[in-house]
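User: I am in my first year and would like to learn how to read a structure step by step. Could you take my questions one at a time and show the reasoning behind each answer?

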Amino acid sequence: MTQPKRLSEDRERDLIRRLVDRDEQALSELYDHLAPWVLGVAYRVLGDDDEAGEVVGDVFVQVWTKIRQHDAARGPLVPWVLSIARNRALDLLRRRRRWHRKAERLRLEHRGEVDETATPGEASVPGWPVHQEVHRALAALPAEQREALTLAYFEGLSQSEIATRTGTPLGTVKTRMRVAQQKLAEALRHVRDWMV
Amino acid sequence: MTDWMGMSAAPRTPPAGLKARVLARAGAAGAPPRWPLALAAGLALAAAGFAWWGRVEALRVADVQGRLTQMAAAYRDTLSLLRSPGTRVIQIPVSTNGQAGAVTIFADTMSHRWLVTCHHLAPNQPGQVYQLWFITTTGMASAAVIAEAGNVPMVKELEMPKGAGTVVGAAMSIEPGAGSSAPTGPMVFHYML
């Protein structure tokens with residue numbers, strides 16, 4: 001098991017600067033670090049390897065062409081890239097009108113829990129320590145709060161839809177999500193660098 | 001901090017060949033941040049080109065319009081002379097170097113102007129010109145020098161000579177160089193009104 005090393009904020013800034021300068025080598029490096037996670041998010045949303053691969057292509061093309069839109073003051077690069085992946089995947093899910101079938105399949109597969117069966121192998125993947133930290137933070141949440149967050153993030157459900165899906169009053173869902181986000185933010189406050 | 005929620009998904013090993021396809025797509029996507037600049041530059045260039053073309057066209061049109069206005073004014077003036085009730089038409093057959101031709105004078109006694117047309121005058125010899133004369137009560141006065149001749153009819157509009165006597169006739173001679181102050185060469189015609 002290789003020891004993970006941290007990628008400093010300086011290194012991230014350098015990577016962004018090189019992307020802005022149209023350095024294709026920087027895009028290649030970013031792909032090496034982030035592709036497993038982008039693919040993981042896309043697959044988690046879509047449950048389909050081909051569609052997830054399509055999303056990976058869309059995400060890195062968007063990063064390449066829109067890197068100037070990344071505002072470092074609003075957050076690190078990795079969450080920005082992953083949010084693009086999530087949005088792309090949800091768009092694809094909705095566009096192809098497979099919403100109900102796939103959502104049901106995902107619900108059955110994941111049952112609100114985080115699926116690690118496709119993990120290619122712990123520390124061989126760049127960013128594994130962050131993955132573990134986020135996992136721990138999610139695991140520390142009560143199950144109903146974790147479920148609400150997961151349904152919102154990976155299935156793109158609105159709070160009303162989550163209330164319908166889980167048979168919970170809307171007000172309760174709102175409270176659960178607010179509290180869960182606060183706890184998660186607190187637990188991950190120290191995550192500033194992304195680790196490889 | 002839901003920003004990091006994406007990292008809770010299990011990573012997946014990208015299939016072989018995906019990286020190459022992604023980088024190729026990115027390469028084909030080029031550098032969009034620069035194209036709006038190129039587009040703006042292109043539009044500015046096109047606008048400048050259109051402005052320049054418009055300016056040149058406007059000048060050309062103004063020039064053509066000016067020339068047309070001048071021509072129309074000349075034609076109106078000629079027409080007024082021809083239509084004048086005081087205009088008298090005198091046609092004088094001439095022979096130049098064995099070639100039959102004619103000189104026609106439209107003499108307007110009201111505006112004291114002549115319109116003279118010359119048809120089928122033989123081409124001038126090198127160093128020679130045709131010269132038209134007014135015959136006045138005080139002698140010959142030069143009316144016009146015609147340096148060209150041939151099949152194209154020539155038209156001259158002439159004012160009556162000032163300070164000379166009354167015009168009583170017209171004559172044409174062949175003169176050397178740029179013309180003479182008095183007839184010296186052979187007469188083409190000599191006509192008394």
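User: Which helix of chain B holds B:Phe50, and is B:Phe50 buried or exposed?
Analyst: In this predicted model, B:Phe50 is found in helix H2 of chain B, which covers residues 35-83. A residue counts as exposed when its relative accessible area is over 50%. The relative accessibility of B:Phe50 is 60%, so the residue in helix H2 counts as exposed.

User: Which residues make the nonpolar surface patch of about 520 Å²?
Analyst: One member is B:Phe50, the residue of helix H2 in chain B that we have just placed. The patch of about 520 Å² is nonpolar, and its members are B:Phe50, B:Trp52, B:Trp53 and B:Val56.

User: Which residue meets B:Arg60 in a salt bridge, and how are the two placed along helix H2 of chain B?
Analyst: The side chains of B:Arg60 and B:Glu57 come together with N and O 3.2 Å apart, which is given as a salt bridge. Because the two are three residues apart in helix H2 of chain B, about one helical turn separates them. B:Arg60 counts as partly exposed at 45% relative accessibility, and B:Glu57, with a relative accessible area of 24%, is partly exposed as well. The partner asked for is therefore B:Glu57, about one helical turn from B:Arg60.

User: How many residues apart are B:Glu157 and B:Arg113, and what joins their side chains?
Analyst: A salt bridge joins B:Glu157 to B:Arg113, with 2.6 Å between the closest N and O atoms. B:Glu157 counts as partly exposed at 38% relative accessibility, whereas B:Arg113 counts as buried at 11%. B:Glu157 belongs to strand E6 (residues 154-159) and B:Arg113 to strand E3 (residues 113-119) of chain B, so this pair links distant parts of the chain, and the separation is 44 residues.

User: What is the strand order of the open sheet that contains E3 and E6 of chain B, and which strands stand at its edges?
Analyst: This open sheet has four strands with antiparallel pairing, in the order E1-E2-E3-E6. Each edge strand has a single partner strand, so one side of it is left without a neighbour in the sheet. From one strand to the next the twist averages 20°. The edges are strand E1 (87-96) and strand E6 of chain B.

User: How many bridges join E2 to E3 in chain B, and which residue is the bridge partner of B:Ile105?
Analyst: Strand E2 (residues 99-108) and strand E3 of chain B run antiparallel, and the number of bridges joining them is seven. One bridge pair involves B:Ile105, whose partner in E3(B) is B:Val116.

User: In the open sheet with the order E5-E4-E7-E8, which strands are the edge strands?
Analyst: This sheet of chain B has four strands with antiparallel pairing, and its twist averages 20° from one strand to the next. An edge strand here pairs on one side only, and the two that do so are strand E5 (139-146) and strand E8 (187-192) of chain B.

User: How many residues lie between E4(B) and E5(B) in their hairpin?
Analyst: Strand E4 (residues 128-136) of chain B runs antiparallel to E5(B), and seven bridges join them. Among the bridge pairs, B:Trp133 has B:Ser142 as its partner in E5(B), while B:Gln131 has B:Val145. The two strands form a hairpin, and the number of residues between them is two.

User: Why does the salt bridge between A:Glu29 and A:Arg11 tie together separate parts of chain A?
Analyst: The side chains of A:Glu29 and A:Arg11 meet with N and O 3.4 Å apart. A:Glu29 counts as buried at 16% relative accessibility, whereas A:Arg11 is partly exposed at 34%. A:Glu29 lies in helix H2 (residues 24-46) and A:Arg11 in helix H1 (residues 9-20) of chain A, so the pair ties together parts whose separation in sequence is 18 residues.

User: Which residues are linked with A:Arg11 and A:Glu29 in a network of salt bridges?
Analyst: Over all chains the count comes to 15 salt bridges. In the network that holds A:Arg11 and A:Glu29, the other linked residues are A:Asp14, A:Arg17, A:Arg18, A:Asp21 and A:Asp23.

Conventions
Residues are numbered from 1 along each chain as its sequence is written. Chains are lettered from A and ligands numbered from 1 in the order in which they are written. This is a predicted model: local features need pLDDT of at least 70, side-chain atom pairs count only at pLDDT 80 or more; totals for chains, interfaces and linings use all residues. Side-chain values use heavy atoms; hydrogens and water are left out. Two strands pair if DSSP finds at least two bridges between them. Axes are lines fitted to C-alpha atoms, for helices over the stretch in contact, and angles run from 0 to 180 degrees between N-to-C directions. Patches are made of residues with over 30% relative accessible area and no salt bridge: like charges are joined within 9 Å, nonpolar side chains (Val, Leu, Ile, Met, Phe, Trp, Tyr) within 5 Å. Accessible areas come from the Shrake-Rupley method with a 1.4 Å probe; for residues, only the protein chains shown count as cover. A salt bridge is a side-chain nitrogen of Lys or Arg within 4 Å of a carboxyl oxygen of Asp or Glu. Buried means under 20% relative accessible area, exposed over 50%, partly exposed in between (1.4 Å probe, protein chains only).
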